[in-house]
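Please look over the chain below with its charged side chains in mind, and then with its helices and its surface. The report that follows takes these topics in turn.

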Amino acid sequence: MMRYRSSNYVIGGLEKQEFVATGDRASYKGVGLKTLYMAIVTLASAIVFAILLLNNATTDFVYWVLPLSAILAFVCAMLAIIMPRLVPMFGSMYCVLQGVVVGAVSALIEAYFPGAAMMALLSTMGVFGVLVVLYSSGIIKVGIKMQTFILGFLISFLVFSIVTTLVAMFNQAARETLFGDSIFALIISGIAVLLASMVILLDLSRVDAIVKQGLHKDYEWTAAFGLIVTLIWLYMEFLRFFMIVYSRSSK
């Protein structure tokens, strides 16, 4: 049987499972409904926190709530990976906490660039919808070569991001070029959007493998959680992209 591999650290963890469930088996509908649930939880948390932030723009609570939520979200993600059976609990907590981060960042960017957050949300939904249709219809196939290419692309981009971040910490010119509204920053942001979209294809292929291999229905939660992790990443990349576009257009 062909083994599927995913760069998503959540879905990728399923590859260690070698058994086939004897009870209820995972289905596409089950994964879809659980993904929708987590998306709604994340969106609701983001909206609530964004409203609180916008109505209390002079308060300083965001400066400690934001990093604390990001750290706790990371902890929940790690716990979900270590204990797959508890993904419904830790995954839901992750969505709430990550929603706080998404809401805060979106509200801050929206204050300076009205419409950027909505454009990022619509673009994320649009790209995901198109990718699902293209993959499910067989127009796009994720084989071993494509998986290897995307994984290599992802690792290369990660190394590039780490190096450029370190350089920007000690060089103001590099910081403005890499993280400002330069054309180079816009290109890098566009590449990040493309990469996140490609990773979604890997995750869809992994979901496909989960269903076809007949894994237990519990793994629908893990698959849904993996998709949400990538979708949030895609949204944040789109948000950065439109922030740069809006900033350049306002000059």
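## Salt bridges

In this predicted model, the count of salt bridges comes to four. One of them joins the side chains of Glu220 and Lys34, with a nitrogen-to-oxygen distance of 2.8 Å. Because Glu220 belongs to helix H8 (residues 219–249) and Lys34 to helix H1 (residues 28–55), this pair ties together parts of the chain that are 186 residues apart in sequence. Both partners are buried: Glu220 has a relative accessible area of 0%, and Lys34 has one of 16%, which is under the 20% limit for a buried residue. The pair also takes part in a wider arrangement, since Lys34, Lys217 and Glu220 are linked in a network of salt bridges.

A further salt bridge is formed by Asp218 and Arg85, whose closest N and O atoms are 3.8 Å apart. This pair, too, links distant parts of the chain, with Asp218 in the loop between H7 and H8, Arg85 in the loop between H2 and H3, and the two positions 133 residues apart. Asp218 is partly exposed, with a relative accessible area of 37%, whereas Arg85 is exposed, at 72%.

## Helix H7 and the turn that follows

Which salt bridge has both of its residues in helix H7? Asp208 and Lys212 both lie there, four residues apart, or about one turn of the helix, and the closest N and O atoms of this salt bridge are separated by 3.2 Å. The two ends of the pair sit in contrasting surroundings: Asp208 is buried, with a relative accessible area of 11%, while Lys212, at 60% relative accessibility, counts as exposed.

Helix H7 itself covers residues 183–212, and at 1.5 Å a residue its 30 residues should span 44 Å, which agrees with the 44 Å between its end C-alpha atoms. Of these 30 residues, 23 are buried, so H7 is largely enclosed by the rest of the structure. Just after the helix, Gly214 adopts a positive phi of about 70°.

## Helix H2, from a buried serine to an exposed isoleucine

Helix H2 runs over residues 62–82 and includes Ser69, a residue that is buried, with a relative accessible area of 6%. A polar atom of the Ser69 side chain lies 2.8 Å from the backbone oxygen of Val65. Leaving aside residues up to four places away in sequence, Ser69 touches Leu97, Val100 and Val101.

Is Ile82, which is also placed in helix H2, buried or exposed? With a relative accessibility of 63%, Ile82 counts as exposed, because the limit for that class is over 50%. Ile82 is one of the residues of a nonpolar surface patch, which is made up of Ile81, Ile82, Met83, Leu86, Met89 and Met93 and has about 510 Å² of accessible area together. The elements that contribute two or more residues to this patch are H2 and helix H3 (87–112).

## Val48 and its distance to Gly99

Val48 has its place in helix H1 and is partly exposed, with a relative accessible area of 49%. Although Val48 and Gly99 are 51 residues apart along the chain, their C-alpha atoms are separated by 8.9 Å.

## The protein as a whole

The protein contains eight helices and zero strands, so that, read from the N terminus on, its elements run α-α-α-α-α-α-α-α. Of the 251 residues in the protein, 45% are buried.

How are the contacts spread along the sequence? Among those between residues at least 6 apart in sequence, 83% join residues at least 24 apart. The accessible surface of the protein comes to about 13,200 Å², and carbon and sulfur atoms account for 73% of that area.

Methods:
Residues are numbered from 1 along each chain as its sequence is written. This is a predicted model: local features need pLDDT of at least 70, side-chain atom pairs count only at pLDDT 80 or more; totals for chains, interfaces and linings use all residues. Side-chain values use heavy atoms; hydrogens and water are left out. Buried means under 20% relative accessible area, exposed over 50%, partly exposed in between (1.4 Å probe, protein chains only). A polar contact is a pair of N or O atoms within 3.5 Å; within protein, one must be able to donate a hydrogen and the other to accept it, and residues adjacent in sequence count only if both atoms are side-chain atoms. Contact means heavy atoms within 4.5 Å. Patches are made of residues with over 30% relative accessible area and no salt bridge: like charges are joined within 9 Å, nonpolar side chains (Val, Leu, Ile, Met, Phe, Trp, Tyr) within 5 Å. Accessible areas come from the Shrake-Rupley method with a 1.4 Å probe; for residues, only the protein chains shown count as cover. The expected span of a helix is 1.5 Å times one less than its number of residues.
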